[in-house]
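User: I am new to this structure and would like a close look at a single part of it, followed by an account of how the rest is arranged around that part. Please take your time and connect the pieces.

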Amino acid sequence: MGAQTLPVILLLPLLGAVAIALSGRWPNVREAISLLTAVTLAVLVFSWFPDVSAGARPAVTLSEPLPGLSLALSLEPLGMMFACIASFLWIINTIYSIGYMRGNREKHQTRFYVCFALAIAAAMGIALADNLFTLFLFYEILTLSTYPLVAHKGDAKTIASARVYLGILIGTSIGLLLPAIIWTYVATGTTTFTLGGIIQGNVPGPAVGLLLGLFVFGIGKAALMPVHRWLPAAMVAPTPVSALLHAVAVVKAGVFCVTKVIIYIFGVDFLFSQPSAQWLQYVAAFTIISASVVALYQTNLKRMLAYSTIAQLSYVIMATIILKPLAEIGAAVHIAAHAFGKITLFFAAGAIYTAAHKTELWQLAGIGRRMPITMGAFTIGALSMIGVPPTGGFVSKWFILAGAFQAENYLAIFTIIASTALNAMYFLPIIYFAWLAPDAPDVDMAHGEAPPAILLALGVTAALTIGFFFFNQPLLDLESQLVQSLPL
Amino acid sequence: MNLADHLPALQVALPLLTAPLVILLRTGFLAWLAALLASLVSLGLALLLTAAVLETGTQHYAVGGWAPPFGIALTVDGLSALVLLLITGASSLALAGGRQSLRLDIDNRRAPMFYGAWLIAMAGLCGIAVAGDAFNVFVFMEISSLATYILIAAGRDRRALSAVFKYLIIGTIGATFYLIGVGFIYMMTGTLNFADMALRLNDVIETRPIIIAAGFITIGLALKAAIFPLHIWLPRAYTYAPNAVTVFIAACSTKVSIYILLRFNYAVFHGNLLGHSDLFAVFIIPLALSGILLASAIAIYQVNLKKMLAFSSVAQIGYIALAAGLASQAGLVAALLHMFNHALAKGTLFLCVVAFVLTSRSATIANLHGIGRRMPWTMAAFVLAALSLVGVPGTAGFISKWYLVTAVMEVPGWGVPLVVAIIASSLMAVVYVWKFVEVAYYGKAPGDDTAAMEVALPLRALIWVAALSNVYFGLFPQLPLALAQSGTSTLLGGLN
Amino acid sequence: MKLLGLFNYWVFAVLLMIGLAALISRQNLVKKIMALAIFQSAVFLFFITMSKIENGTAPIIQAGVDNQVFSNPLPQVLILTAIVVGISTTALGLAIAVRLYEEYGTIEDNEILAMDRKP
Amino acid sequence: MTTLLIGIFLLSLLVITAIAIVRATDLFSAVMLSGIFSLLMALNFFLLDAADVALTEAAVGAGVATVLLLAGLRLTPSTEAKGRSLRALSIGIIAAVALLMIYASFGQPSLGDPLAPAQQHVAPWYIEKTPELVDIPNIVTAVLASFRGYDTLGEVFVVLTAGIGVMFLLGGGRGKPFSRLDSKVEEGLSRHLIPKVMARLLVPFILLFALFVQFHGEYSPGGGFQAGAIFVAGIILFSLVRGERLTLAVIPPRVLLWMSAGGALLYGSVGLAGIAMGGNFLEYSVLADDPVLGQHIGIIVIELGVGLTVTGVLLSIFHAFAARD
């Protein structure tokens, strides 16, 4: 398959969006098209996997508006993985959405599916971006296309939250990320992602820390504190949105961008030698611990999951900034592992909302007895968050810890251990509560399981969470290419 | 007879001479059709001229066969071609898209006069763009100004009249200041031709009259270009003019004044007045900066969509002035590019306003709640153009903002504060744009009416062509870029 | 002598400023138009002054007279055009003022502004 | 020297008149003072060897502008409300600019200096080459109509634009019929004997003089613009005496519209004829085999175009104001 066909990965969901828009009058056709697009896209993306895994780096330039600034696509291991996760989970999420949207009789479903397809196209663009300009372009499209999804309900409270969402994401990207990109361009004359980095020798030492700051805070989607407020705000969206976008596509796009910038713009070796860049691990550590503590105090299930996500995102940043090969692999793997776990948790939250209209933690007492499949999946997801084998979360934590030991980075080790404890503290009580506690008083318990479409999706992701513990070799092979050139 | 040699003259003469024919027509429709055709042919001529400039460089033309500096010369370089494309393009777009809206604003009997004035305004602006003679610029400036006053006075709101009177007074003061400056220069050099002037100024540099001349010309043109705080005429004039007229003038009329400002300050004074570029920068940059910041802030609080966009224009003119004030290669390219790109974005936005007002009879934001659900196609185009205004990548606005920021970063010492100001203003642009977009999509429609009410397909198609051109020139900016670069090199020719 | 020779230019400056001051301070629109005319006339004086040459005559060639000194024709040509521009502006301004009076019932700028501010 | 002193006297009067215009609260007196201002200005121009400009300023400033302002005042209140006084800041700025300009004047060549740069470069060429290239005595006309004919084309269109504007705003042309005129009973000043007789005597001469100015512009001060203005003055006098109805019967608005547009088109087509006959736009030399003859033809035709447009537009404007209630 020639590199010229790379743009098809972007065009497919776009065409899907158009087709969905046109078929809005017939819900069955519309949803069939959604599903078909998702499946085709996933097949297409996965068909690239063997090539990239074997070392191919297909690339294509679409246009070059300014010299050194082009709209170009390429596939490399990190992007390959992100594209695979996002496109695959889109299928499952589409199935889930159909159940959820119909089950809750949501309005404006066509707009919902159109924007969803656009968001996926943008996520694919981010995954395939060959340079910072392309990355920024799709980053902004992703923000804009998810705004209608967040504001879906359209009441005053939702709009206010959506405004926070948009304000922070657009504000940081224009205010910080864009200057960082321009700075990079002015200093180096290019914005192309290059293994080993392009900054070395072009930006003086102390300024590297500043530039790094502009990048990591500018990529607001990575939700590093203090630019994390948009993520809890985004929880006003329908659950499928929270599940795929705010556990996978959008937030992972954020940490993916950070990882990509650190590996391909700064260069791992170069950054390791820069004392001015060390502050980032303190910020990441702070974010992990404090987000976990805040999660501990949440009473709303989705908000708790949001804060858990913030902490988990900073795991990836933490792992990346350890700047050791094993940790970089850990960072990449954690993107995948957390995706499976967190989407399961959100699916479960959505299932509970659909079947029982419950959103608060105290309402969940004894719910496991009525919704065993849902809560079973929830338990698996929660275990993965904590990092208990045999779940995917264990694999990534293993690599990150190994990297931290390799670097003798005790801050990282301490943070990971502490946060594991905190994760256990807020997830285990829920599990206990849901399965073993007596039914909560004054709560309507006359409900059963969620619709089958939802259960199917839930089951698949839960299975993946466990499956990832056993079958992670292809991914490890792929990502180890990132660090081949690095000394161990 | 090879007509291709006469393009610079035809560019002006064709629309100018069509105007008297148009006022003799009997019906509004015929007048409109004639004006549209003349406008489209002018666009074609502008494209031919652009091609000629890109192929063979600057085009010279001696009107009446008298060689300059004795006769009047016409010169068309990359910059002129860029401005010509803007003028004729905006006019064609506004005429083509504004038919329905203009028919409501102007009764059939008066319409021939109106379209005649329209063509004269366009021809006047073209005349400025091709002129190579300082006094000729004054004449055509007055032609276009008088005609523009008529166009604005055609607004249905009576405030259009008070706005246009203010514009007339300020415009005349600006033009007279310009004329005084030209007089001082003539007094010291004995010539009116731009190129000749630049040469002959060498002998009389640093004399008091020349310095005063630079002052008068800069202030006079800044008045006409609505550079903050000399912009007071602009918001009301844009707001109360007929909507289609706003599309036309917002896209090009102030830009033409900036064009002459640049011509004079770079091609004429730059190489001759010691420290002129510094003085120019000291004068223009603070004004530009305050315009960028304050006008953006004021725009946030507007309740009328047209007025909001008008204040946004003041801020955007600030960008152009800022970039031009940097007196560097990169800065000028940024200024010229932004002239083009801003015209694209504003033209599209005001065209969307035409559509909104056609269906909902009001440009007040409060009356446009929910318009996004009722007119999804138009609103989507509006959002696209608004993104270009903000400078989101993939749109034309991004390209010029990119150039602007890279140019600003070259300024020693001031780079970072200037970048911060630009970014702050971009964020304010997000705020005022989004304030409208949000209520357009999620606001409760007046009377809870949710019936779809899109405008007719041709207008919708035109709006989308305009909106997509914002994207096209964001991805393939080669044409404006080439013109801007060629324009910059002629402007800075005085330097080397 | 030198100073007297500059007197015309000073009158130009003074007339210009009288016109400008009246434009700013007078509220009556017709008065503003007159002030604008004074403002423009000052510029005419400026150009015509610079066209004058000592002992010159109007630039019209008379048959049979040689070695005439002619004043500079060019500024005169420019001002001919400028006068026409001026009267055109006056005519248009007056027409707008008349329409304003019909719409607002006044031609005082501040009163019109006050009415505009009221919704 | 005497000229200079007379000039200084006139200029001082000019300043005094200007101040008087600004201070007058009765707008009618202000209009009259404006007329005097223009006449003084015209006298000054005459002293400064600018005969053409003086004629134009007298015809336009004292004649047309006064009539227009009076026509305007008929439709609007004629007294001015108390203006607000200048704020200190504005006074400061204005005075500072005036002083700056006076300061700059010391760097300027003084009045009449034959060595001033303005007299050196282009101007001598016009004086020297006009007899050879254009061969008409009035150099101002030669420059106006030929060397800088493009500016004059612009000028015609400025006039046309003003006409379009007034007709657009106040009605006229093909637009609104002059309704008021139809209902008007009184017929001008025709019942007053002296104005009637005077006008009867004067009007033909005024019109004749206008034609002279039109077609003699190459030899003496004058040309299409001045001729148009004078012609209009004659017609306006006629309409004052015989009433507008009769005037409009003689020259109906439609004809005026055709005159306005036709004059501008005539001028433009001379320009296009230049292209058609192998020259540049507005190149008259190619109009005939002999370049000088070509210039003559070109100048006569474009002056006719100017005269037509100016007459048509000014009369249309006058009628538009007069027809408004």
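Is the crossing of α10(A) and α14(A) left-handed or right-handed?

Analyst: The crossing of α10(A) and α14(A) is right-handed, and since this is a predicted model, that statement, like everything below, describes computed coordinates.

To see the pair in detail, begin with the two helices themselves: α10 of chain A covers residues 239-266, α14 of chain A covers residues 325-356, and their axes come within 8 Å while crossing at roughly 165°. Angles over 145 degrees count as roughly antiparallel, and α10(A) and α14(A) are therefore roughly antiparallel to each other. On the side of α10(A), the contact is made by A:Thr239, A:Pro240, A:Ser242, A:Ala243, A:Leu244, A:Ala247, A:Val248, A:Lys252, A:Val255, A:Phe256, A:Thr259 and A:Ile263. From α14(A) come A:Glu328, A:Ala331, A:Ile335, A:Ala339, A:Lys342, A:Ile343, A:Phe346, A:Phe347, A:Ala349, A:Gly350 and A:Tyr353. Sorted by class, the residues of this contact divide into 16 nonpolar, 4 polar and 3 charged.

A helix pair in chain B can be set beside this one. There, helix α1 (residues 7-24) and helix α4 (residues 111-130) of chain B pack at an angle of about 165°, with their axes 8 Å apart, and that makes α1(B) roughly antiparallel to α4(B). The handedness of this pair is left-handed, as α1(B) passes α4(B). Among the residues that α1(B) brings to the contact are B:Pro8, B:Val12, B:Leu16 and B:Ala19, while those from α4(B) include B:Met113, B:Gly116, B:Ile120 and B:Ala123. By class, the contact of α1(B) with α4(B) has 16 nonpolar, 4 polar and no charged residues.

From these helix pairs, the view can widen to the way the chains meet. Between chain A and chain B, 20 residues of chain A are in contact with 20 residues of chain B. The elements of chain A that give two or more residues to its side of this contact are β1 (59-66), α6 (132-150) and α7 (156-188), and α7(A) supplies the largest share, 10 residues. The residues on this side of chain A divide into 14 nonpolar, 4 polar and 2 charged. Chain A does not touch chain C, their nearest C-alpha atoms being 29 Å apart, nor does chain A touch chain D, where the nearest C-alpha atoms are 39 Å apart.

Of the 4 pairs of chains in contact, chains C and D share the most contacts. In that pair, 80 residues of chain D are in contact with 71 residues of chain C. The elements giving two or more residues to the side of chain D that touches chain C are α1 (2-23), α2 (27-47), α3 (51-75), α4 (88-105), α5 (123-133), α6 (139-147) and α7 (149-170) of chain D, with α3(D) giving the most, 13 residues. By class, this side of chain D has 53 nonpolar, 18 polar and 9 charged residues.

Chain D itself can be described in a similar way. Its secondary structure comes to 13 helices and 0 strands, and its C-alpha atoms fill a box of roughly 60 × 55 × 40 Å, taken along the principal axes. Of the 325 residues of chain D, 54% count as buried, and residues 24 or more positions apart account for 71% of the contacts in chain D with a separation of 6 or more. The domain assignment of chain D gives domain 1 (1-83) and domain 2 (121-325), and the C-alpha centres of these two domains lie 23 Å apart. The contact between them takes 13 residues from domain 1 and 16 residues from domain 2 of chain D, and the residues on the domain 1 side divide into 9 nonpolar, 3 polar and 1 charged.

One residue of chain D gives a last, local view. D:Phe37 has its place in helix α2 of chain D, and D:Phe37 is buried, with 27 other C-beta atoms within 10 Å. Not counting residues up to four places away in sequence, D:Phe37 touches D:Leu14, D:Thr17, D:Ala18 and D:Ile21. D:Phe318 lies 281 residues from D:Phe37 along the chain, and the C-alpha atoms of D:Phe37 and D:Phe318 are separated by 22 Å.

Terms used: Residues are numbered from 1 along each chain as its sequence is written. Chains are lettered from A and ligands numbered from 1 in the order in which they are written. This is a predicted model: local features need pLDDT of at least 70, side-chain atom pairs count only at pLDDT 80 or more; totals for chains, interfaces and linings use all residues. Axes are lines fitted to C-alpha atoms, for helices over the stretch in contact, and angles run from 0 to 180 degrees between N-to-C directions. Helices (H or I, at least four residues) and strands (E, at least two) are DSSP runs, numbered from the N terminus. Angles under 35 degrees count as roughly parallel, over 145 as roughly antiparallel, 65 to 115 as roughly perpendicular and the rest as oblique. A crossing is left-handed if the near helix is turned anticlockwise from the far one by less than a right angle, and right-handed if clockwise. Two residues are in contact if their C-beta atoms, placed from the backbone, lie within 7 Å. Ala, Val, Leu, Ile, Met, Phe, Trp, Tyr, Cys and Pro count as nonpolar, Asp, Glu, Lys and Arg as charged, and the others, Gly among them, as polar. Domain bounds come from an automatic or database domain assignment. A residue is buried if 20 or more other C-beta atoms lie within 10 Å of its own, exposed if 12 or fewer, and partly exposed in between; C-beta atoms are placed from the backbone.
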